[in-house]
Amino acid sequence: MAQGVSLFVTCIVDQLFPKVGMAMAEVLERIGFEVDFPEAQTCCGQPAFNSGFRREAREVARHFLSVFQGAEYIIVPSGSCASMISHHFADIFEKEPESLAAARALAPRVYEFSSFLLDVAGIEDVGAELHEVVTYHDSCHALRELKIKNGPRRLLRRVRGLELREMEAAEECCGFGGTFSVKFDELSGAMARTKIDSVLKTGASAIVSIDSSCLMQLRGALSRAELPIRTMHLAEVLASR
């Protein structure tokens with residue numbers, strides 16, 4: 001019997017980039033997992049948490065714990081959301097012993113998508129093929145809180161026909177930062193343009209990342225500059241055949 005995994009697709013994937021969620025499910029099923037999508041899922045609470053609304057963040061997080069309490073593995077196509085669940089639920093529930101215990105019990109079962117493929121499934125080659133030159137953007141939470149750096153690159157290098165070219169500013173923030181991009185739009189835009197300048201130097205035709213929020217920010221900068229470079233979530237690359 002295939003081992004089961006539960007998908008938490010995140011707000012931004014659910015509302016704006018559903019193909020990322022479907023690509024993630026396709027890859028997981030291809031390598032032998034039975035995929036479940038709990039329909040009661042909503043949000044991890046990160047937007048409220050980052051904006052200082054701790055009470056509202058706790059309310060959303062409690063719902064998350066309720067929905068996923070029975071899941072063996074929870075797979076997330078986002079470093080920031082995975083970090084929120086596995087790291088910051090403990091912060092917001094520090095004065096609620098019951099919820100804190102539930103959050104700590106659930107945290108070891110939460111995996112960012114690429115980490116699950118490598119660390120749990122033990123697979124680098126998922127049978128993907130994509131003839132394209134790409135560059136990789138390290139999203140802030142994945143890199144700095146989850147310490148994810150080499151894993152996505154290992155997966156990309158096993159995609160047939162794909163050439164990975166590193167950009168100089170790979171580890172620099174894209175400028176999104178949730179509400180930061182709205183409150184400090186000029187600074188956010190300047191950071192995105194710096195990233196795009198670095199991408200252009202590689203000659204890549206696509207930017208790949210594991211966070212759709214970063215890719216949305218970069219897609220906006222590319223569109224405004226009228227540049228023919230596309231953005232792709234790692235799951236979309238790995239689902240390519």
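This passage describes the nonpolar cores, one pocket and two unusual backbone angles of a predicted model.

Nonpolar side chains tend to be buried together in soluble globular proteins. In this model, the largest nonpolar core holds 41 residues. Leu28, Ile75, Phe113, Leu117 and Leu238 have the most contacts inside this core. Helix α2 supplies its largest share, 6 residues. Leu28 touches Ile75, Phe113 and Leu117. Leu28 also touches Val5, Leu7, Phe33, Val35 and Phe116. These contacts leave out residues up to four places away in sequence. Another core, of 23 residues, lies apart from the largest core. Phe8, Phe68, Ala82 and Met84 are among its members.

The second largest pocket has a volume of about 200 Å³. Its lining comprises 14 residues. Phe17, Arg219, Thr231, Met232 and Glu236 lie nearest the centre of the pocket. Two or more lining residues come from each of α2 (18-30), α12 (212-224) and β8 (230-233). By type, the lining divides into 7 nonpolar, 3 polar and 4 charged residues.

Most residues other than glycine have a negative phi. Thr10 and Glu226 have positive values. Phi of Thr10 is about 75 degrees. Thr10 sits in the loop between β1 (4-7) and α1 (11-15). Its relative accessible area is 2%, so Thr10 counts as buried, the cut-off being under 20%. For Glu226, phi is near 55 degrees. Glu226 belongs to the loop between α12 and β8. Glu226 is exposed because its relative accessible area, 72%, is over 50%.

Methods. Residues numbered from 1 in each chain as written. Predicted model: local features only at pLDDT ≥ 70, side-chain atom pairs only at ≥ 80, totals over all residues. Heavy atoms only, no water. 1 Å grid on protein atoms, 1.4 Å probe; cavity = no way out; pocket = protein on both sides within 12 Å on 5 of 7 lines; lining within 4 Å. Points joined across faces, edges and corners; volume = space filled by probe spheres on them. Helix = DSSP H or I, 4+ residues; strand = E, 2+ residues; numbered from the N terminus. Nonpolar A, V, L, I, M, F, W, Y, C, P; charged D, E, K, R; others polar. Core = buried A, V, L, I, M, F, W, Y, C linked by side-chain atoms within 4.5 Å. Buried < 20%, exposed > 50% of the residue type's maximum accessible area, 1.4 Å probe, protein only. Contact = heavy atoms within 4.5 Å.
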